Structures are given as C-alpha cells and as structure tokens.
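Dear colleague,

Please find the structure below, together with its sequence. My notes on what was found in it follow directly after.

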Amino acid sequence: MTGDAWALIPWNLASSANDKEDDRMDDKHAAPREQFFAAVRALATSSDSIQTRLLQATTSISLVTLDEFEGDLELKIKFARILDHIGPDHDDIERLAVEITPHMTEHEAETVADLIVDFFDELVEARFQQSDIGL
C-alpha cells in the first residue's frame, strides 16, 4: 500500500488494535459479543441449509454461559430463550443441538437464527450505550 492509500482508511488500525485490548477489560459483554458475531457470520456466509448453518452457529453460542449476563436480567432472559430453542439441557447444548437442529423445520430454524441476530444487535447496542455513559 502506498502512503496515499493508507490515508483512505477511516481509522488508524494500529491504534484501534491497541485500544481494542484495553476496551475488552472494561467491556462487560465482550466475550459473548465475539461468540455471537461468529454465530452470525456462520449464519450469513454459507449456502448450506439454514439447519446446517444454525448448527455451525451453535458451536460459538455454546461457549457463552448465562452467568456472563449476571446483572442484566433482560439479556439473560433473551439468551436463555435462544438456548431453550436450541436444546433444553443447557449443560450439554452442543450435543443437543446436533440432535435437534437437523430436525427443525426451515421456519423453526429461521426463527432461532433471527433470535441470534437480534441478540447480537442488542449486545452491540449495549456496548455503544456503555461507551456513551463512560463505563
């Protein structure tokens, strides 16, 4: 890249990378947001069936626990709702997803995918609100 091309980048990536590490220490939902971003990416970037994409997304979601939303009842309830759709046993969500997801109708799988995307949006929005109030 030439020097002129670097000027076209809207932010300084090096500074952004350093700030990102500092922000994670203060960011309450950084880990769940990263896992849900991976889930949304799995849902959006494949031509596989919605059930297959949902199963791939579940791998990331299974790394998130309800405890990560302690103190935020609304997010905790919404996350539990997603888990309930994927599998009733939260202790072994990944195994249950393998059993349940392939048997979902397309409509059921799309409903769960919509819940995942909406939840990711709420995590992003919560981060912006946290930034706005200076947390």
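Lys 78 and Glu 74 both belong to helix 5, where four residues, about one turn of the helix, separate them. (Helices are DSSP runs of H or I with at least four residues, strands are runs of E with at least two, and both are numbered from the N terminus.) Their side chains form a salt bridge at 3.1 Å, N to O; the term denotes a side-chain nitrogen of Lys or Arg within 4 Å of a carboxyl oxygen of Asp or Glu. Lys 78 also forms a salt bridge with Glu 122, and here the closest N and O atoms are 2.6 Å apart. This second pair links distant parts of the chain, since Lys 78 lies in helix 5 and Glu 122 in helix 7, 44 residues apart. Glu 74, Lys 78 and Glu 122 are thus linked in a network of salt bridges.

Please note that this is a predicted model, in which local features need pLDDT of at least 70 and side-chain atom pairs count only at pLDDT 80 or more, while totals for chains, interfaces and linings use all residues. Residues are numbered from 1 along each chain as its sequence is written, and side-chain values use heavy atoms, with hydrogens and water left out.

The count comes to three salt bridges. One of them joins Glu 70 to Lys 76, with the closest N and O atoms 3.0 Å apart. As to accessibility, buried means under 20% relative accessible area, exposed means over 50%, and partly exposed lies in between (1.4 Å probe, protein chains only). Lys 76 is partly exposed at 22%, Lys 78 is partly exposed at 30%, and Glu 122 is partly exposed at 26%.

The protein chain has seven helices and zero strands. Of its 135 residues, 33% count as buried. The largest nonpolar core (buried Ala, Val, Leu, Ile, Met, Phe, Trp, Tyr and Cys residues joined through side-chain atoms within 4.5 Å) has 27 residues, and those with the most contacts inside it are Phe 36, Ile 61, Phe 79, Ile 116 and Phe 119. Helix 3 (30-44), helix 4 (50-61), helix 5 (73-86), helix 6 (93-100) and helix 7 each supply at least two residues of this core. Helix 7 contributes the most, with eight residues.

Asp 121 is also found in helix 7, which spans residues 106-132. Asp 121 is partly exposed, its relative accessible area being 43%.

Yours sincerely
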